[in-house]
Amino acid sequence: MITVWLLASPCHVLAQLTYVELVSEPFHGVAVGLRWRFDLGNSQFEVTRSTPGAVEIMRTGASFGAWTFSFGAPTRSSGLEVGVYEPVRGFPSASIPGLTMGGNGRGCTTQGDFFEVLEIEQAEDGTLEAFAVDFEHVCGGRVVGKLRYNSSIPDPTPAPARDLLVPAEYATIQDAIADASDGDRIVVGPGTYQGPIDSGGLFVRIVSERGPDATTIVGQPGDITVNLSRGGNSETGIEGFTILGGDDGLRISGGTGTPTASNNVIIGSRLGMFVTGRAVARGNVIRDCFTGARGGGVSGDGGIFENRFEDVQIGLSFNAAGQTRIEGNTVIAAVGIRSSNATLLDARNNLFITSLGIEATAPSSGGIRLLHNTVIAESSHAVELFSRNTDDLVANNIFWSRGRDQTLHCRNADYQIATLMNNFVSDSERYFSGQCDTAALSAANFFDAPGFVDPASSDYRLAAGSPNIDRGGLFDVVDDFEGDPRPLDGDGDDVALPDIGYDEADPETFGPCAGDCNGDGRVTVSELVLAVLVGLGERDVAHCQAADPDGDGTVAIDELILAVRATLDGCFNALVAREQSGSRDRS
């Protein structure tokens, strides 16, 4: 009998073709839908015992814990040889071979199927030199596996990837999946298609020809409308669909890589997306999704980048999740983030317009990192934190509570989370509650009006003169939500520091500096004289377009005053004055 143990072991250098590969159905009692391959690049094997009748092999690799495979010849035979063994049972008998497997915290004897020994070589002393076996194991569902140890049998050359066309070649998306192989792409033409769609664990990419406006997948209550949740690689994903209804609009999970859901519109599901493992959701719109504990927008873990959540109950919900990266999203929801015991909640460069902004509880071994977010809470706390770690960090954020509740609520006094260089804003002038260290927070943060471009129109970018410009600390955030570089010298003092909040203000977006005729960022006396001459009509405005910042073709007295201010105080202060004047006019 040959027993293959996958456990922690010392490092041994072996031949190239040493690996274990599994492809399982979701109801298999041990592998439960897993698809993975451990090879020499990410695991080590050690032969611990080898006789003609029994071999034990051990493997390191904590990602999936300990795995055991046993292949046994009938006990009356002389041992395993090259050939097919069937039927099989859990353990070998006098006339029937045996096959068992365990792992993933489970164990199961086989209920049927076979294994085929392709190669077996042993030295005279019984040392196993090479072993190769293919097998199928049934335990509720089926798993197809390969095991190679120092094997000289080459891997089969994969068939070239294909484009499977729907509806030109296949009537439905599911029909195309049924005929697909790993690496294929399913290209879907305009139309409305019925869910549920299930990849069945295949590494396939489903793309629409003409985007979400023209291509829709419709789910029903109780369905997972699109299910790519049995593990995927970097070629797996879905792009360019409107996904309507279902309990979950989309499920996607990482296996051997980073599958991606991108540029989809998900509407009316109880939960928009469930994203886990190393999967990525990028550039999607999720709206009108409402459910209970898991949240209406996204649940799970993984990477959540540049999505827009509109009118959802909970934008992002993470309960005992892994490492979660949330970056560049716009979240309009009742609750922006609700995170409980995620290994690492890392949120940066996001805009939250919510009733309650961010509610996060750190596990005893994990962390919270909130960097460069802008959180607008209309009726409750902007942020509520339960920290258990000394390395948690909340920095360079704008937190604005517009209701009666305090801006920050602290739920643990044992660990005061590092909260630095944040702009706390409260319409009620009530900033902290719970077990916050008010003195420390008051010393490390500030409480000025944030200076947004137009908050009444939900434009929360920083305007000229905002106290958040060039006021942040240097952390590992190198751009803002639009991809503009951080830091920029937003206040014109020739020292570039990061801005606070999700936006890095670009001085070029503030408009021209009044009187800066040559555009070099300053106004000289000669340029001021030229601006006056334009104002008097002695020079055409084309000689100094910057003398006319509002572009109406004439230079008014207030524009000349701004040019004088720019000459005396610098362009930045002139821009601030112009912005403040514009704000008064708008009001």
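This passage looks at the nonpolar cores, a surface patch and the disulfides of a predicted model. Local features need pLDDT of at least 70 and side-chain atom pairs count only at pLDDT 80 or more, while totals for chains, interfaces and linings use all residues. Residues are numbered from 1 along each chain as its sequence is written, and side-chain values use heavy atoms, with hydrogens and water left out.

The largest nonpolar core (buried Ala, Val, Leu, Ile, Met, Phe, Trp, Tyr and Cys residues joined through side-chain atoms within 4.5 Å; buried is under 20% relative accessible area, exposed over 50%, partly exposed in between, with a 1.4 Å probe and protein chains only) has 63 residues. Ile173, Ile206 and Ile238 touch the most other members. Strand β30 (residues 308-319) gives the largest share of this core, four residues; strands are DSSP E runs of at least two residues and helices H or I runs of at least four, numbered from the N terminus. A second, separate core of 26 residues includes Phe71, Ala73, Val133 and Phe135.

As for disulfides (cysteine sulfur atoms within 2.5 Å), the count comes to two. Cys410 and Cys436 are joined, S to S 2.0 Å, in a right-handed link with 95° about the S-S bond. Cys410 sits in strand β40 (residues 408-410) and Cys436 in the loop between β43 (432-434) and α2 (438-444), 26 residues apart. Cys410 counts as buried because its relative accessibility is 9%.

The other pair, Cys517 and Cys544, also has its sulfur atoms 2.0 Å apart, but this link is left-handed, at -85°. Cys517 is partly exposed at 26%, whereas Cys544 is buried at 1%.
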